[in-house]
Amino acid sequence: MEYIEVSARTVDDAITEALIKLGATSDQIEYEVIEKGSNGILGFGSKDAVIKVAKKSTPEDVVKDFLTEVFDKMNLEVEIITKFDEIEGVIDIELKGPEMGVLIGKRGQTLDSLQYLTNRVANKSQDGYVRVKLDTEDYRKRRKQLS
């Protein structure tokens with residue numbers, strides 16, 4: 001998690017400024033007060049409040065980062081498209097690229113293994129459970145039709 005330091009007249013003003021900078025809502029950030037600040041005497045000697053702020057990572061962000069790292073190690077160019085259904089608790093991931101046969105593997109074993117690992121990573125630091133569905137070139141749909 002990357003932290004940024006924000007200073008303003010009050011802690012509340014600093015939080016508001018941080019929310020604007022990060023483009024987030026108050027429930028999507030974590031912050032730590034470094035210095036509360038003070039008004040001083042008649043405005044002399046006043047100090048601004050300073051906070052350290054970081055945006056909480058969502059399961060979707062964690063999954064995307066993990067898959068990007070895996071594909072970089074495999075030297076594959078893959079476009080990762082995610083859709084998160086918060087009601088069902090499912091992250092649908094569509095992978096697109098020139099060499100998707102390598103990701104599918106023999107009878108879909110590589111894709112299944114990658115999906116399992118991605119599920120583990122997504123739920124590693126979660127309070128609830130999120131299910132990850134990984135697919136490429138509509139492989140799972142085609143496989144279902146053949147059965």
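These legends accompany close-up views of a predicted model.

**View 1. The largest nonpolar core.**
This core has 21 residues. Those with the most contacts inside it are L67, F71, V78, I93, L95 and L103. Five elements each supply at least two of its residues: α2 (59–73), β5 (90–96), α3 (100–104), α4 (109–122) and β6 (131–136). The largest share comes from α2, with five residues. A second core, separate from this one, has ten residues, among them V6, A8, A14 and I15.

**View 2. The surroundings of I93.**
I93 is among the residues with the most contacts inside the largest core. Residues up to four places away in sequence are not counted here. Beyond them, I93 touches V63 and L67. It also touches I80, I81 and T82. T118 is another residue in contact with I93. The list is completed by V132, K133, L134 and D135.

**View 3. Helix α2 against helix α4.**
Two packed helices are described by the angle between their axes and the distance between the axes. For α2 and α4, the angle is about 135° and the axes lie 9 Å apart. The pair is therefore oblique. The crossing of α2 past α4 is right-handed. On the α2 side, the residues in contact are V62, V63, F66, L67, V70 and F71. On the α4 side, they are L114, L117, T118, V121 and A122. By class, this contact has ten nonpolar residues, one polar residue and no charged ones.

**View 4. L117 in helix α4.**
L117 is found in α4 and is one of the residues that meet α2. Is L117 buried or exposed? Neither word fits, because its relative accessible area is 44% and L117 counts as partly exposed. L117 and V132 are 15 residues apart along the chain. Their C-alpha atoms are separated by 9.7 Å.

**View 5. N119 in helix α4.**
N119 also lies in α4. Its relative accessibility is 13%, so N119 counts as buried. Leaving aside neighbours within four places in sequence, N119 is in contact with Y129, V130, R131 and V132. E5 is 114 residues from N119 along the chain. The C-alpha atoms of N119 and E5 are separated by 33 Å.

**View 6. D135 in strand β6.**
D135 is found in β6. With a relative accessible area of 13%, D135 is buried. What does D135 contact, leaving aside its neighbours within four places in sequence? Its contacts include I93, E94 and L95. L111 is another. R140 and K141 are also in contact with D135.

**View 7. N75, a loop residue with positive phi.**
N75 is found in the loop between α2 and β4 (79–85). Its phi is near 55°, a positive value in a residue other than glycine. At 68% relative accessibility, N75 counts as exposed.

**View 8. E137, a loop residue with positive phi.**
Where is E137 found? It is in the loop between β6 and α5 (139–146). E137 is not a glycine, although its phi is positive, at about 50°. Its relative accessibility is 41%, and E137 counts as partly exposed.

Terms used: Residues are numbered from 1 along each chain as its sequence is written. This is a predicted model: local features need pLDDT of at least 70, side-chain atom pairs count only at pLDDT 80 or more; totals for chains, interfaces and linings use all residues. Side-chain values use heavy atoms; hydrogens and water are left out. A nonpolar core is a set of buried Ala, Val, Leu, Ile, Met, Phe, Trp, Tyr and Cys residues joined through side-chain atoms within 4.5 Å. Buried means under 20% relative accessible area, exposed over 50%, partly exposed in between (1.4 Å probe, protein chains only). Helices (H or I, at least four residues) and strands (E, at least two) are DSSP runs, numbered from the N terminus. Contact means heavy atoms within 4.5 Å. Axes are lines fitted to C-alpha atoms, for helices over the stretch in contact, and angles run from 0 to 180 degrees between N-to-C directions. Angles under 35 degrees count as roughly parallel, over 145 as roughly antiparallel, 65 to 115 as roughly perpendicular and the rest as oblique. A crossing is left-handed if the near helix is turned anticlockwise from the far one by less than a right angle, and right-handed if clockwise. Ala, Val, Leu, Ile, Met, Phe, Trp, Tyr, Cys and Pro count as nonpolar, Asp, Glu, Lys and Arg as charged, and the others, Gly among them, as polar.
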